[in-house]
Amino acid sequence: MMAWTDRHCRYLLRLASPNAFLFTEMIAASAVLHAKPDRLLSYHPAEHPLALQLGGSDPEQLAAAARLATQHGFDEINLNVGCPSPRVKKARFGACLMLEPELVARAVEAMRQATHLPVSVKCRLGVDDADTDELLHAFAARLIDAGCDALYLHARKALLNGLTPAQNRDIPPLQPQRVYALKAAFPTLPVIFNGGIRDAQSAGEHLQHTDGIMVGRAAYQSPQFVAELDALLFGTMPVAEIEVARQYLRYMREELEGGARLHDMTRHMLGLFKGGRGARRYRQLLSDAQRTRKNDITLVHDALAVVLPQAA
Ligand SMILES: Cc1cc2nc3c(=O)[nH]c(=O)nc-3n(C[C@H](O)[C@H](O)[C@H](O)COP(=O)(O)O)c2cc1C
């Protein structure tokens, strides 16, 4: 998720969930091609399985980025056709591409030929007035023809004029039945449900009709929820939050030595221990700008001591 997640966040979520399939935020294919090697495509081996999500609409560029991602060892390449941001629309990628199914299909074909990895697409139910099931199913059929291996479907449409990206994640209503209907119409296409999953019950409900679930905001806001979902779906024991925190602390120490900034890592820990005793003070301590600026890792010990006195 752009501006929220990064490799540190994914490492933390991996600690909470040994089995989740993690995604990068959307990265423009042009940026991948022009960045210094490794700047945008580096990750910790523990992050596997990991998909690189690309933004773009130029098939050749997307294919070249997919090739690079393959060399970097990603496990899947995903094309974003769901982001409603005006900036993204201006660059002719994201959700506005749902209005150009032929172009998306050519992009998928080009990526398909460039890599042996699964190539998937993330999209919405539709865009503006173009949000009928007929259009959505035609879009899916064209993607399947092009070699798309899976569809991640955010179960609401996007309104490209008048709503901010944040509003576009809440205001258009969720329409789970339309995702289920798509799956029923294309039984061989893996369909992954996305949108509004905040508890195990809704996760279980969507899983009865689709092949998987994708969780965005709730995962970022509560690593513990990710641990619970992992346990529910894979029969594991949920990893305790304190265990996640301890191992993340070890990771942060190593990363600091490698030149990472403390704040870039502590910001992802704010959702740990949510609702528990001392959670507010824990967040306050971790947000101490002066100490994070100094890369003072004892601040993390102090924060953990508040939520769990014996933890620090
Ligand atoms: C800050 C933010 C950034 C996002 N960036 C991306 C992105 O880069 N790629 C993407 O596919 N979705 C992105 N999303 C959308 C989420 O992946 C997801 O589709 C949406 O929030 C609905 O799912 P949720 O209710 O589980 O959060 C972003 C969401 C937020 C809140």
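**Exercise 1. Cysteines**

Determine how many disulfides the structure holds, and explain why Cys123 and Cys148 are or are not bonded.

*Solution.*
Step 1. The structure, which is a predicted model, holds 0 disulfides.
Step 2. A disulfide is a covalent bond between the sulfur atoms of two cysteines. The criterion applied here is a pair of cysteine sulfur atoms within 2.5 Å.
Step 3. For Cys123, the closest cysteine sulfur belongs to Cys148, at 8.5 Å, and this is too far for a bond.
Step 4. The search from the other side gives the matching result: Cys148 is in no disulfide, and its nearest cysteine sulfur, that of Cys123, is 8.5 Å away.
Step 5. As to accessibility, Cys123 is buried, with a relative accessible area of 1%, and Cys148 is buried as well, at 8%.

**Exercise 2. The ligand site**

Describe the shell of residues around the ligand by class, and identify which residues come nearest.

*Solution.*
Step 1. The ligand is surrounded by 16 residues, of which Gln53, Lys122, Asn194, Gly196 and Arg217 come nearest.
Step 2. Sorted by class, the shell comprises 5 nonpolar, 7 polar and 4 charged residues.
Step 3. Two backbone positions face ligand oxygen: a polar backbone atom of Met26 lies 2.9 Å from an oxygen atom of the ligand, and a polar backbone atom of Gly216 lies 2.8 Å from an oxygen atom of the ligand.
Step 4. The protein covers 90% of the accessible area of the ligand, which on its own amounts to 610 Å².
Step 5. A side chain also takes part: a polar side-chain atom of Asn80 is 3.3 Å from a nitrogen atom of the ligand.

**Exercise 3. The surroundings of Asn80**

Locate Asn80 in the secondary structure, decide whether Asn80 is buried or exposed, and list the residues that Asn80 touches.

*Solution.*
Step 1. Asn80 belongs to strand S3, which spans residues 76–81.
Step 2. With a relative accessible area of 5%, Asn80 is buried, since the threshold for that class is under 20%.
Step 3. Beyond four places in sequence, Asn80 touches Met26, Gln53, Leu54, Gly94 and Lys122.
Step 4. With Gln53 there is a polar contact between the two side chains, at 3.1 Å. Gln53 is also one of the residues that come nearest to the ligand.

**Exercise 4. Backbone geometry**

Find which residues are joined by a cis peptide bond, and state where Ala3 and Phe273, which have positive phi values, are placed.

*Solution.*
Step 1. The cis peptide bond joins His48 and Pro49, with omega at about -5°. Pro49 is situated in the loop between helix H2 (29–34) and strand S2 (50–55).
Step 2. Ala3, a residue other than glycine, has phi near 75°. Ala3 precedes helix H1 (7–16), in the segment before that helix, and is exposed at 68% relative accessibility.
Step 3. Phe273 is likewise not a glycine, and its phi is about 65°. Phe273 sits in the loop between helix H12 (262–266) and helix H13 (279–286). Its relative accessible area of 9% classes Phe273 as buried.

**Exercise 5. Buried positions in strands**

For Leu52 and His154, give the strand, the burial class and the residues in contact.

*Solution.*
Step 1. Leu52 lies in strand S2 and is buried, with a relative accessible area of 0%.
Step 2. Outside the four neighbouring places in sequence, Leu52 is in contact with Thr24, Ile27, Leu41, Ala69, Phe74, Glu76, Ile77 and Asn78.
Step 3. Leu52 and Leu79 are 27 residues apart along the chain, and their C-alpha atoms are separated by 8.5 Å.
Step 4. His154 lies in strand S5 (residues 150–154) and counts as buried at 7% relative accessibility.
Step 5. With neighbours within four places set aside, the contacts of His154 are Cys123, Arg124, Leu125, Arg169, Asn194 and Gly195. Among them, Cys123 is the cysteine of Exercise 1, buried at 1%, and Asn194 is among the residues that come nearest to the ligand.

**Exercise 6. Packing of helix H7**

State which residues of helix H7 are buried, and which elements they pack against.

*Solution.*
Step 1. In helix H7 (residues 176–185), the buried residues are Arg178, Val179, Tyr180, Leu182 and Lys183.
Step 2. An α-helix has 3.6 residues a turn, so residues three or four places apart point the same way.
Step 3. The buried residues of H7 pack against helix H6 (133–146), strand S6 (191–194), helix H8 (200–207) and S5. Strand S5 is the element that contains His154.

Terms used
Residues numbered from 1 in each chain as written. Predicted model: local features only at pLDDT ≥ 70, side-chain atom pairs only at ≥ 80, totals over all residues. Heavy atoms only, no water. Buried < 20%, exposed > 50% of the residue type's maximum accessible area, 1.4 Å probe, protein only. Near = heavy atom within 4 Å. Polar contact = N/O pair within 3.5 Å; in protein donor to acceptor, adjacent residues only side chain to side chain. Areas by Shrake-Rupley, 256 points an atom, 1.4 Å probe, with all protein chains shown as cover. Nonpolar A, V, L, I, M, F, W, Y, C, P; charged D, E, K, R; others polar. Helix = DSSP H or I, 4+ residues; strand = E, 2+ residues; numbered from the N terminus. Contact = heavy atoms within 4.5 Å.
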